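Hi,

Here is the structure I said I would pass on. Have a look at it first, and then read my notes underneath.

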Amino acid sequence: MELTTILFYLFSLITLGAAAFMVFSKNIVHSAFALMFALIGVAALYVLLYADFLAATQLLVYVGGILILILFGVMLTSLGYTFNFKTVTVNLAPASLLSATAAVLLIFAFVTTDWKISEIAEPTDTVYDLGMLLMGDYILPFIVAGVLLLIAIIGAILMSTHLSAENREGV
Amino acid sequence: MELLLAQSVIEPGLTHFLVVSAILFSLGVMAVLSRRNTIMVLMGVELILNSANINFIAFSRFTELSLDGQMIALFVIIIAAAEAAVALAIVLNVYNRFKTINLDDISLLKG
């Protein structure tokens with residue numbers, strides 16, 4: 001058995017186990033930390049798929065950015081007691097039925113479809129090619145994504161400053 | 001010969017990655033549907049986006065999609081970052097107004 005095979009099974013096990021723990025854990029802080037392990041496992045799967053730049057981006061943006069934001073959200077929206085971190089679970093039977101159905105149908109479709117696999121040459125690193133694509137074919141989506149991020153930043157800042165100004169008036 | 005067959009079965013191909021992403025997707029759907037904490041729902045959405053990304057990159061590795069798939073995955077990550085920032089700002093505003101982030105309790109359109 002090759003090393004790649006062992007690593008694939010190890011990291012997919014880590015990803016799926018952490019994701020399952022995240023979904024079924026009662027404590028939301030435990031869920032956030034399980035989400036971190038799931039995201040790191042996904043980054044390792046990207047490395048196994050020769051997407052080195054995307055793996056680094058995943059680690060920087062998700063683990064370094066979004067996860068910290070989520071933890072801030074958890075801390076700021078609870079009243080400071082640990083029992084308030086616990087979350088309510090509803091619709092357990094219909095939700096598990098629906099998601100199990102979705103999983104079974106997707107896996108059935110993925111396994112039975114005859115994918116046209118073409119073996120590409122193993123790229124040494126993808127950063128150069130991705131950069132050329134980003135400045136060439138994908139220049140318009142690149143600029144639009146920049147504008148989107150600017151709008152998101154302005155919107156988030158506007159909402160949170162409005163919040164703190166309101167607080168000060170109230171006090 | 002049998003050993004060769006066993007190796008070809010067990011070696012991770014396109015289908016293996018797709019199955020992993022399918023299970024990840026269903027776990028994300030489970031989180032979105034069954035949890036009533038807004039932040040848990042956001043985490044489920046992140047799982048769903050990640051499973052879509054695994055699909056894109058697996059297709060970029062194994063089919064003719066090549067680097068275009070990685071490019072799409074890059075834009076998905078960008079949009080996920082913007083979504084998380086704005087959604088958490090909204091959640092903080094909702095918490096400030098209603099003093100709860102249970103989705104069933106937030107039923108007013110006009111605060």
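Below is what I found when I went through it.

Before anything else, keep in mind that this is a predicted model.

Let me start with chain B. Its secondary structure is 4 helices and 0 strands, so to speak an α-α-α-α pattern when you read along the sequence. The chain has 111 residues, and 53% of them count as buried. If you take the contacts in chain B between residues at least 6 apart in sequence, 54% of those join residues at least 24 apart. Its accessible surface is about 4,700 Å², with 68% of that belonging to carbon and sulfur atoms.

Now the core. The largest nonpolar core has 67 residues, and the ones with the most contacts inside it are A:Met22, B:Ile39, B:Met43 and B:Leu47. Both chains feed into this core: helices 1, 2, 3, 4 and 5 of chain A and helices 2, 3 and 4 of chain B each supply at least two residues. Helix 4 of chain B gives the largest share, 12 residues. To see how the chains meet there, click on B:Leu47: leaving out neighbours within four places in sequence, B:Leu47 is in contact with A:Ala19, A:Met22, A:Val23, A:Leu35 and A:Ala38 from chain A, and with B:Leu24, B:Leu27 and B:Gly28 from its own chain.

Helix 4 of chain A (residues 92–112) is worth a look too. With 21 residues at 1.5 Å a residue, this helix should span 30 Å, and its end C-alpha atoms are indeed 30 Å apart. Which of its residues are buried? They are A:Ala95, A:Ser99, A:Ala103 and A:Phe110. Looking down the axis, these buried residues fall within an arc of 65°, so they line one face of the helix. The general background is that an α-helix has 3.6 residues a turn, so residues three or four places apart point the same way. Helix 2 and helix 3 of chain B are included in what covers that buried set. On the other side of the helix, A:Ala93, A:Pro94, A:Leu97, A:Val104, A:Leu105 and A:Phe108 are exposed.

Last, two backbone oddments. A:Tyr50, in the loop between helix 2 and helix 3 of chain A, has a positive phi near 65° without being a glycine. With 26% relative accessibility, A:Tyr50 counts as partly exposed. B:Ser66 sits in the loop between helix 3 and helix 4 of chain B, and its phi is also positive, about 40°, although B:Ser66 is not a glycine. The relative accessible area of B:Ser66 is 31%, which makes it partly exposed.

Cheers

Terms used:
Residues numbered from 1 in each chain as written. Chains lettered and ligands numbered in written order. Predicted model: local features only at pLDDT ≥ 70, side-chain atom pairs only at ≥ 80, totals over all residues. Heavy atoms only, no water. Expected span 1.5 Å × (residues − 1). Buried < 20%, exposed > 50% of the residue type's maximum accessible area, 1.4 Å probe, protein only. Arc of directions from axis to C-beta. Contact = heavy atoms within 4.5 Å. Areas by Shrake-Rupley, 256 points an atom, 1.4 Å probe, with all protein chains shown as cover. Core = buried A, V, L, I, M, F, W, Y, C linked by side-chain atoms within 4.5 Å.
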